[in-house]
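Student: I would like to go through the charged pairs and the enclosed space in this model. Please show the structure before we start.

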Amino acid sequence: MIVITVGKSYIDIDGYASSIAYRELLGMKGIESKFVSNAVLNYSITDSLKSIPYSVDDYSIDSNDKYIILDLSNKSFFPDFVDENNIVEIIDHHPGFEDYWNNKLGNNAIIEPIGSVATIITEKYEKDGLFDRMDKDIAKLLMAAILDNTLNFTANITTDRDRTTYKKLESLINEYDYASTYFSECQKYIEDNLHESIKNDIKIQKTNEYLPDVFGQLTIWNAEELLHKRDFINQIMNGYGNEWMLNIISLSNNSSYIIYSNDEIKSKLEQLLDCYDKNGTLIKSPAMLRKEIMRKALTAKSK
Ligand SMILES: [Mn+2]
């Protein structure tokens with residue numbers, strides 16, 4: 001069996017939508033696959049998207065299974081059941097492991113700086129001439145993934161391919177106001193479930209001396225309301241260690257509000273990013289995604 005999977009701790013809408021859409025595309029081509037994951041679905045997968053008739057498969061892993069890894073290429077986050085020697089394809093847009101997988105998988109490793117993996121998967125439907133046959137629910141999942149991962153097309157990582165792909169999906173399902181529907185539902189959930197939302201989108205990994213290992217992120221329509229809960233947020237983040245940062249992306253004014261555990265981290269971030277301090281919060285406009293901040297830190301090191 002071909003098993004499609006994503007990161008082991010949490011799944012965001014890009015990994016979730018891409019995995020489901022890729023499974024359905026392979027199915028249309030007569031190739032059976034399963035989407036297997038035990039990870040927690042994070043806040044970017046809204047209740048209305050969870051309620052569509054497509055989801056994770058109930059399947060027991062077999063030692064002969066082959067793996068397709070989506071939205072991930074750092075093997076320390078692969079699910080424990082994945083045998084690296086049985087990986088047949090990787091599609092990702094996070095930096096750092098391009099050379100490793102290109103050497104290992106050749107053309108079956110697609111790791112490129114693009115807004116979302118969902119865009120690459122949608123393009124595969126087009127290449128196979130199956131775009132017009134895509135189910136409307138699948139299109140909606142892919143649209144949400146593109147909106148979330150590109151921050152409503154404001155993130156630097158956004159490409160024309162993401163914009164064009166989104167427009168095609170929009171016309172396919174004839175729904176032109178999906179962004180406000182989607183982001184309003186996300187904001188409500190985050191406000192009501194703050195601790196869980198932080199927990200399910202935290203990355204703990206060493207980048208380099210510019211960034212703390214504990215790096216949280218929340219994407220929200222308007223960050224101002226959340227900053228009133230700074231003490232509560234500090235308390236949550238302190239549970240992950242003494243050194244941390246949290247990137248709160250505010251889509252309505254396209255800014256990152258970065259809070260941090262101590263002044264040493266603050267001064268490193270000020271060196272790295274073109275940002276300013278406002279009442280103990282670093283503000284960076286336009287907003288930056290965590291993966292963009294990480295890419296900047298990695299580039300800064302090589303200079
Ligand atoms: Mn992604």
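Student: Which side chain meets Glu 126 in a salt bridge?

Tutor: This is a predicted model. Side chains of opposite charge can pair when their charged atoms come close. For Glu 126 the N to O distance is 2.9 Å, and the partner in this salt bridge is Lys 168.

Student: Where do Glu 126 and Lys 168 lie, and how many residues apart are they?

Tutor: Glu 126 is in helix α4 and Lys 168 is in helix α6, so the pair links distant parts of the chain. The separation along the chain is 42 residues.

Student: Is Glu 126 buried, partly exposed or exposed?

Tutor: Buried means under 20% relative accessible area and exposed means over 50%. Glu 126 has a relative accessible area of 30%, so Glu 126 is partly exposed.

Student: Which residue pairs with Lys 188 in a salt bridge?

Tutor: The partner is four residues from Lys 188, about one turn of helix α7, where both lie. Both residues of the pair are exposed. The N to O distance is 2.4 Å, and the partner is Asp 192.

Student: How many salt bridges are there in total?

Tutor: The pairs above are among them, as is the one between Arg 161 and Glu 112 at 3.1 Å, N to O. Arg 23, Glu 24 and Asp 57 are linked in a network of salt bridges. The count comes to 19.

Student: What is the volume of the largest cavity?

Tutor: Its lining includes Lys 203, Asp 213 and Phe 215. The lining residues divide into three nonpolar, two polar and two charged. The space in the largest cavity is about 30 Å³.

Conventions: Residues numbered from 1 in each chain as written. Predicted model: local features only at pLDDT ≥ 70, side-chain atom pairs only at ≥ 80, totals over all residues. Heavy atoms only, no water. 1 Å grid on protein atoms, 1.4 Å probe; cavity = no way out; pocket = protein on both sides within 12 Å on 5 of 7 lines; lining within 4 Å. Points joined across faces, edges and corners; volume = space filled by probe spheres on them. Nonpolar A, V, L, I, M, F, W, Y, C, P; charged D, E, K, R; others polar. Salt bridge = Lys/Arg side-chain N within 4 Å of Asp/Glu carboxyl O. Helix = DSSP H or I, 4+ residues; strand = E, 2+ residues; numbered from the N terminus. Buried < 20%, exposed > 50% of the residue type's maximum accessible area, 1.4 Å probe, protein only.
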